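Colleague: I would like to learn how to read the packing and the cysteines of a model such as this one. Could you take me through it step by step?

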Amino acid sequence: MGTADDALLVERDAHRARLVEAVESAKAGEGSLIVVEGPPGIGKTGLLGAGVAHAAEAGMTVVSARSRELERDFTLGVVRQLFERTLHGADDETRARLLAGPAAHGFATLSDGPGDRHATPGDSDFAAMHSLYWLAANLAEEGPLMLAVDDAHWADAASLRFLTYLANRLAGLPVLIVCATRPRVGGTTAAILDELAAVATEVLALGVLSEDGTTRIVRARVGPPCSDAFAQACHASSGGNPFLLHELLSALVADAVPTDDDGALRVRRLGPQSVSRAVFLRMARLPPGAADFARAVAILGDSVELRDAAALAQVSEDDAHALADALSTAGVLAAELPLRFIHPVILEAVSADLGAGQRTAMHLRAAMVLHERGAGPDQVAAHLSAVGPVGDAWVVDVLRRAASAATDRGAPEVAARHLERALREEVGPGVRAALLAELGEAEWMAAGDPAAVIEHMREAAELTDDPAVRVSATITMARAIFSTGDAVRALATLLEALQSPAVLGPEGTVRLEAEFGSVGLLNFDLMPEARTRLLALRDQMGTDPGGEPLLLANFAVLAWLDGTAAETAAVARAALAEGRLLAESGTDTIAFLQAIWVLLGSDELDEARRWCAAGLAQARERGSAFGFQACCVLASMTAYRAGDLRESEAHARTGIDLAEAPLFLRPASLAYLALALIERGELEEASVALDEGLVGEWLPPLAQMNIGFYARGLLRIAQGREAEALEDLREFGRREAYTGVENGSVDWRVPAARVLLRMGASDEARVLLDSQEAVARRWGTNASLGCALAGQAAGVVARGEGDGIALLESAVELLEDSPCRLQLARAGLELGMALRRAGRRSDACARLAVVVELARACGATVLAERANSELEVAGARPRHLQFSGADSLTASERRVALMAADGQTNAQIAQALFVTAKTVENHLGRVYIKLGINSRGQLGDALSFGFEDEGSSLMRA
């Protein structure tokens, strides 16, 4: 006699062969995602089981999960099934390896502990996905891994997003994912399932059995004699569905239906409802209470604790054991604990037999049973979502705890559904306000409809008497409004709340003022109002507002706008002191980023590097895409100012390559990439970068986007398009002036004046150069004044007023005492050229030789080649510049090579850079070829770039 498994695998040989191929490919290090798709009973589970069996026999580690309809709101429920047992069963040493790096945050994501509350919209989800990816990757390091997920159409959204995230990063990873799912099932996860199928290596669509296949199964099951008409009737009644056919045959055998032509007539009368009829017919023969017990298991959602089913069915645990055994013998439940149906089709048949009123009553009873025995809030909330208002306080408490757990695990959309359900209960104004605030926060983190966030936060702020709720709701409401592009209304919302300081409390008032300042100082149109309020607050509170780091960061920006570099740096250091701002607000907070920004603008580059490294470390740990990209931009800016163009380019590319990061910072990343490329002479690529950065008149008036116009101005100078370059530089100046920036941290006037001098507009050029010198002297950094004096020297020469050597010598002396080596190299080149023109060839050659080496060390190939040519004109015999070996490495290759030379593994490098281990492997392969080496141990000696400071180790920290 045949079995159900036999029936489910008939005519599936080609599909099984494909799974075998995928297993072998994964073992060889090439991962893939296979989606097995088909309607209920078509054989997905049987085929998945065959693949699992082959993978286990082939030596792969197999972790599996089975989704259930009631578990859709169990955040990361499928991922928990996949990983928790392995983690809890591992010894201490293995567990430490599995949880190395970001994976530790992944394990915390699966736990019930508090999560990261600093996420920006959509970012908490990325953090969870990134950390769980590394948990899977670390597990794969132990040996080839198979993840098998059955009934993925019922999986929770967070788990499906993880599977999609992992599937997009399988290159070079010995991981096979096999998901069995129904085609196009509706609901909240439909779009994610479509995306999962879209990224799959292959979709194995299972079709119905042919008539010949059905006949084979029928004759194997009932034995001879069996008429053709009987087999054909079975095929027609089951529709060629293997599981329905198996259930039909079970009913026919139990009823001793003849297998001749007369039996065929009876089969046709059974029709397509044969499964439910067969199931209830079998249960009718069982002891009393079996059907009710099966219904209780169906309500509880499968994978059910026996004690819970007993309580819901209102039988003793001894009776529950007997009923479970009887249902197992009848082929309804599996012969194992926890309780589960032998097939989802049977579960659906039992569930469908319940009337709407009976189902609702049983879900409420299930919620009460689970709550009374202390089950997790996720489990209880799943049943509460199926019932109307209950009127008990514990319901709201459970739903809020379930929402909090969902948020902590990176599933704010699930949290929102729990909170919406909680709001259907009758609660007082204070509780309703808290629920609305929590709902708005969840919607905001889920990147939901801003209008809904705004409305919920507005109502929460109006209802509450709690200052903390009012302040938090107001801030999130303002951020949601800002995200729609209406910055004026966003700040008006904050201003309106600030009109009632008594209801905010002192701490709340400071938080709102800090939020107002952080947002307002970013926007040209709103900066005057933000500035006025912050200045008044600073006058009232002094430069140390009780050690409040958010306000200190705002005060640092005020100093940067119109103060001195020394004053700015002092306030920024105070804001960042002891790491409070970073620890309390995280890398996603504008204030933290602004504090670093003004530090590097003050040429406190060592300090800026230190905080960039700390920010990158925290962003990696939390998996924050926004924070990581923001710190990459700042690190790129810092490296550019320091003259380490390779490092600047590497940081810029790292931020750009992070696909999950928001577009808010992308223009700045591309601008600094372009600046580095210009110095290498890669003008076409720099132009593409700036076009991608959307540099143009409509670019939003946000301070960090100004630099695109400066970069395009320098590019157009290099391209010989000087009139256009002048307009870009002037636009940069207009934007800076509009924001009130009056410091010399970016010397746009000098390149603009040089263009004007070449155009013969010496008077206009003199105005710009004098203005730049005045600004630089007030700002007070050696770099800004050195650049200004070098510009003045160019003006002196162009106007025929002298050779400018004295000014250039002063400029070089100042720049030698600054951290800005690229600017030093530029001024040194001009001094060398001036010395040559003055006939001081020996001095010129000495100076130019230094410039060549300094420019090479900076990675400024255009400048190095120009200085080398000047050396030749001066009468020296410079060596031919060859940019090969270490000099030929791209920024990304150099970054990876340095980290590998430090002893970091491919996985550690990949974790640090938010890329895959395969990407690192590919980079190192190219590095070995360019350096002419064949092992990691040779990297240290081969990497000779001329100089390396601690900025080059930022990514390795």
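Modeller: What follows goes from the nonpolar cores to one buried residue and then to the cysteines, and you should keep in mind that this is a predicted model.

Colleague: How many residues does the largest nonpolar core have, and which have the most contacts inside it?

Modeller: The largest nonpolar core has 285 residues, and those with the most contacts inside it are Phe83, Leu147, Phe162, Ile177, Phe293 and Leu939. Helix H34, residues 625–642, gives the largest share of this core, 12 residues. A second, separate core has 21 residues, including Val23, Ile42, Leu176 and Ala180.

Colleague: Which residues does Phe162 touch, leaving out those up to four places away in sequence?

Modeller: With that exclusion, Phe162 touches Val79, Phe83, Met129, Leu132, Tyr133, Ala136 and Leu147.

Colleague: Turning to helix H34, where Met637 is found, is Met637 buried or exposed?

Modeller: Met637 counts as buried because its relative accessible area is 10%, and the cut-off for buried is under 20%. Not counting residues up to four places away in sequence, Met637 touches Trp597, Leu600 and Tyr672.

Colleague: How many disulfides does the structure hold, and why is Cys787 not bonded to Cys820?

Modeller: The structure holds zero disulfides. The closest cysteine sulfur to that of Cys787 is in Cys820, and because the two are 7.0 Å apart they are too far for a bond, given that a disulfide needs sulfur atoms within 2.5 Å. Cys858 likewise has its closest cysteine sulfur in Cys820, at 10 Å, which is too far for a bond. Cys787 is buried, with a relative accessible area of 9%, and Cys858 is buried with 0%.

Conventions. Residues numbered from 1 in each chain as written. Predicted model: local features only at pLDDT ≥ 70, side-chain atom pairs only at ≥ 80, totals over all residues. Heavy atoms only, no water. Core = buried A, V, L, I, M, F, W, Y, C linked by side-chain atoms within 4.5 Å. Buried < 20%, exposed > 50% of the residue type's maximum accessible area, 1.4 Å probe, protein only. Helix = DSSP H or I, 4+ residues; strand = E, 2+ residues; numbered from the N terminus. Contact = heavy atoms within 4.5 Å.
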